[in-house]
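This report goes through the fold, two hairpins, a few single residues and one pocket. The sequence and structure come before the text.

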Amino acid sequence: MSKTKAQLLGISDDTTTNSSFYPVFVNGNGVGLKTSTAKLYFNPSTGRLSATIVNSLSDEKLKKDISTIDGAIDKVKQLRGVDYTWKHSEEKSKGVIAQELREVFPELVVESEDGLSVNYNGIIGVLIEAIKDQQKQIDELKGN
(Lines give C-alpha, C1' and ligand atoms only; values in the text may rest on other atoms or scores of the structure.)
Protein backbone atom coordinates (compact mmCIF):
# COMPACT_ATOMS: atom_id res chain seq x y z
CA MET A 1 0.00 0.00 0.00
CA SER A 2 1.50 3.35 -1.01
CA LYS A 3 1.39 6.30 1.34
CA THR A 4 -0.09 9.69 0.46
CA LYS A 5 2.12 12.78 0.40
CA ALA A 6 0.51 13.91 3.65
CA GLN A 7 1.35 10.60 5.34
CA LEU A 8 4.95 10.72 4.08
CA LEU A 9 5.37 14.22 5.52
CA GLY A 10 3.68 13.26 8.81
CA ILE A 11 0.79 15.65 8.20
CA SER A 12 -2.50 14.95 9.94
CA ASP A 13 -5.87 16.65 10.12
CA ASP A 14 -5.30 18.92 13.10
CA THR A 15 -8.64 19.62 14.73
CA THR A 16 -7.28 20.42 18.18
CA THR A 17 -4.76 23.26 17.75
CA ASN A 18 -7.18 26.14 18.23
CA SER A 19 -4.64 28.91 17.78
CA SER A 20 -3.53 31.15 14.97
CA PHE A 21 -0.40 30.61 12.90
CA TYR A 22 1.21 33.51 11.11
CA PRO A 23 2.97 32.88 7.80
CA VAL A 24 6.59 33.86 7.28
CA PHE A 25 7.41 35.65 4.03
CA VAL A 26 10.76 35.92 2.31
CA ASN A 27 11.59 39.02 0.28
CA GLY A 28 11.67 38.40 -3.50
CA ASN A 29 15.48 38.59 -3.47
CA GLY A 30 15.65 35.98 -0.69
CA VAL A 31 16.81 38.46 1.93
CA GLY A 32 14.87 39.41 5.01
CA LEU A 33 12.22 37.26 6.66
CA LYS A 34 8.94 38.99 7.52
CA THR A 35 6.29 37.52 9.78
CA SER A 36 2.67 38.37 9.09
CA THR A 37 0.64 40.07 11.76
CA ALA A 38 -3.06 39.57 12.45
CA LYS A 39 -3.78 40.79 8.90
CA LEU A 40 -3.10 37.25 7.64
CA TYR A 41 -3.36 34.14 9.76
CA PHE A 42 -4.33 30.49 9.65
CA ASN A 43 -6.09 28.41 12.30
CA PRO A 44 -5.43 24.71 11.61
CA SER A 45 -8.20 23.41 13.85
CA THR A 46 -10.87 25.26 11.87
CA GLY A 47 -9.14 25.43 8.50
CA ARG A 48 -9.83 29.17 8.45
CA LEU A 49 -7.43 31.40 6.55
CA SER A 50 -8.16 35.03 7.34
CA ALA A 51 -6.94 38.20 5.71
CA THR A 52 -8.05 41.80 5.73
CA ILE A 53 -8.42 41.91 1.93
CA VAL A 54 -7.86 39.21 -0.69
CA ASN A 55 -7.38 40.32 -4.28
CA SER A 56 -7.41 38.00 -7.28
CA LEU A 57 -5.29 38.70 -10.33
CA SER A 58 -7.65 39.82 -13.11
CA ASP A 59 -5.67 42.08 -15.43
CA GLU A 60 -6.72 41.86 -19.07
CA LYS A 61 -3.08 41.55 -20.14
CA LEU A 62 -2.94 38.19 -18.32
CA LYS A 63 -5.91 36.75 -20.23
CA LYS A 64 -6.74 35.59 -23.75
CA ASP A 65 -9.81 34.32 -25.59
CA ILE A 66 -12.02 36.78 -23.63
CA SER A 67 -15.77 36.65 -24.33
CA THR A 68 -18.95 37.64 -22.52
CA ILE A 69 -20.75 34.78 -20.78
CA ASP A 70 -23.80 33.78 -22.83
CA GLY A 71 -26.96 32.28 -21.36
CA ALA A 72 -26.00 33.21 -17.81
CA ILE A 73 -29.56 33.00 -16.44
CA ASP A 74 -30.01 29.46 -17.73
CA LYS A 75 -26.67 28.47 -16.23
CA VAL A 76 -27.46 30.07 -12.86
CA LYS A 77 -30.82 28.26 -12.80
CA GLN A 78 -28.87 24.99 -12.90
CA LEU A 79 -26.94 25.92 -9.77
CA ARG A 80 -28.08 25.33 -6.22
CA GLY A 81 -27.10 27.54 -3.33
CA VAL A 82 -27.05 25.56 -0.11
CA ASP A 83 -26.94 26.04 3.65
CA TYR A 84 -24.75 23.45 5.33
CA THR A 85 -22.77 22.57 8.43
CA TRP A 86 -19.10 21.59 8.23
CA LYS A 87 -18.69 18.08 9.67
CA HIS A 88 -15.29 18.78 11.27
CA SER A 89 -16.24 21.99 13.10
CA GLU A 90 -20.05 22.09 13.26
CA GLU A 91 -19.76 25.62 11.81
CA LYS A 92 -22.68 26.69 9.62
CA SER A 93 -21.99 28.13 6.18
CA LYS A 94 -23.42 28.78 2.72
CA GLY A 95 -22.15 27.95 -0.73
CA VAL A 96 -22.45 25.35 -3.45
CA ILE A 97 -21.70 21.64 -3.75
CA ALA A 98 -18.60 21.13 -5.90
CA GLN A 99 -19.97 17.99 -7.57
CA GLU A 100 -23.08 19.93 -8.67
CA LEU A 101 -21.11 22.98 -9.85
CA ARG A 102 -18.82 20.70 -11.88
CA GLU A 103 -21.83 19.64 -13.97
CA VAL A 104 -22.39 23.25 -15.12
CA PHE A 105 -18.94 24.86 -14.81
CA PRO A 106 -16.26 22.16 -14.69
CA GLU A 107 -13.52 24.80 -15.04
CA LEU A 108 -14.48 26.18 -11.60
CA VAL A 109 -13.85 22.89 -9.76
CA VAL A 110 -10.44 21.46 -8.92
CA GLU A 111 -9.86 17.92 -7.71
CA SER A 112 -7.05 16.96 -5.35
CA GLU A 113 -6.38 14.06 -3.01
CA ASP A 114 -8.23 16.03 -0.32
CA GLY A 115 -11.42 16.33 -2.38
CA LEU A 116 -13.01 18.92 -4.63
CA SER A 117 -12.55 22.67 -4.24
CA VAL A 118 -14.45 25.56 -5.84
CA ASN A 119 -13.22 28.76 -7.45
CA TYR A 120 -15.97 30.97 -5.99
CA ASN A 121 -14.50 34.05 -7.70
CA GLY A 122 -15.33 32.45 -11.05
CA ILE A 123 -19.01 32.37 -10.16
CA ILE A 124 -19.12 36.16 -9.79
CA GLY A 125 -18.85 36.84 -13.54
CA VAL A 126 -21.75 34.47 -14.22
CA LEU A 127 -23.90 36.19 -11.60
CA ILE A 128 -23.10 39.63 -13.05
CA GLU A 129 -24.19 38.58 -16.52
CA ALA A 130 -27.31 36.84 -15.17
CA ILE A 131 -28.36 40.02 -13.35
CA LYS A 132 -27.79 42.06 -16.51
CA ASP A 133 -29.87 39.58 -18.54
CA GLN A 134 -32.66 39.74 -15.96
CA GLN A 135 -32.61 43.53 -15.93
CA LYS A 136 -32.90 43.57 -19.71
CA GLN A 137 -35.97 41.31 -19.46
CA ILE A 138 -37.46 43.54 -16.75
CA ASP A 139 -36.85 46.67 -18.82
CA GLU A 140 -38.49 45.04 -21.86
CA LEU A 141 -41.55 44.08 -19.80
CA LYS A 142 -41.80 47.63 -18.47
CA GLY A 143 -41.60 48.97 -22.02
CA ASN A 144 -38.24 50.73 -21.57
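## Surface and overall fold

The protein has an accessible surface of about 12000 Å², and carbon and sulfur atoms account for 53% of that area. The model is predicted. Of the 144 residues in the protein, 15% are buried. Four helices and eight strands make up its secondary structure elements. In sequence order, these elements follow the pattern α-β-β-β-β-α-β-β-α-β-β-α. Among contacts with a separation of 6 or more, 33% join residues that lie 24 or more positions apart.

## The hairpin of strands 3 and 4

Strand 3 covers residues 40-43 and strand 4 covers residues 48-51; the two pair in the antiparallel sense over four bridges. Together, strand 3 and strand 4 form a hairpin with four residues between them. One of the bridges links N43 with R48 in strand 4. Elsewhere along this pairing, Y41 stands opposite S50 of strand 4. In the turn, G47 has a positive phi of about 75 degrees.

Is S50, a residue of strand 4, buried or exposed? S50 counts as buried because its relative accessibility is 17%, under the 20% limit. Leaving out residues up to four places away in sequence, S50 touches K39, L40 and Y41. Y41 is thus listed both as a contact of S50 and as the residue opposite S50 in the pairing. As a general point, side chains in a regular strand alternate between the two faces of the sheet.

## The hairpin of strands 5 and 6

Strand 5 and strand 6 run antiparallel and are joined by four bridges. In this pair, V82 has G95 of strand 6 as its bridge partner. The hairpin of strand 5 and strand 6 has six residues between the strands. The loop between strand 5 (82-85) and strand 6 (92-95) contains S89, and E90 lies in this loop as well.

E90 is not a glycine, yet its phi is positive, near 65 degrees. E90 is exposed, because its relative accessible area of 60% is over 50%. S89 is partly exposed, with a relative accessible area of 27%.

How far apart in space are S89 and G47, which are 42 residues apart in sequence? From C-alpha to C-alpha, S89 and G47 are 9.1 Å apart. This distance relates the loop that holds S89 to the turn that holds G47.

## A further positive phi

D65 is another residue with a positive phi that is not a glycine; the angle is about 55 degrees. D65 is found in the loop between strand 4 and helix 2 (72-77). With a relative accessible area of 71%, D65 is exposed.

## Accessibility of selected residues

The table collects the relative accessible areas of the residues discussed in this report.

| Residue | Relative accessible area | Class |
|---|---|---|
| E129 | 13% | buried |
| S50 | 17% | buried |
| S89 | 27% | partly exposed |
| E90 | 60% | exposed |
| D65 | 71% | exposed |

## Helix 4 and the second largest pocket

E129 belongs to helix 4, which spans residues 120-142. Why is E129 classed as buried? Its relative accessible area is 13%, and the class takes in values under 20%. Apart from neighbours within four places in sequence, E129 is in contact with T68, I69 and A72.

The second largest pocket has a volume of about 450 Å³. Its lining consists of 14 residues, and those closest to the pocket centre are S58, K63, I69, G122 and G125. By class, four of the lining residues are nonpolar, seven are polar and three are charged. I69 therefore appears twice in this section: as a contact of E129, which is buried, and among the lining residues closest to the centre of the second largest pocket.

Note on methods:
Residues numbered from 1 in each chain as written. Predicted model: local features only at pLDDT ≥ 70, side-chain atom pairs only at ≥ 80, totals over all residues. Heavy atoms only, no water. Buried < 20%, exposed > 50% of the residue type's maximum accessible area, 1.4 Å probe, protein only. Contact = heavy atoms within 4.5 Å. Areas by Shrake-Rupley, 256 points an atom, 1.4 Å probe, with all protein chains shown as cover. Pairing = 2+ DSSP bridges. 1 Å grid on protein atoms, 1.4 Å probe; cavity = no way out; pocket = protein on both sides within 12 Å on 5 of 7 lines; lining within 4 Å. Points joined across faces, edges and corners; volume = space filled by probe spheres on them. Nonpolar A, V, L, I, M, F, W, Y, C, P; charged D, E, K, R; others polar.
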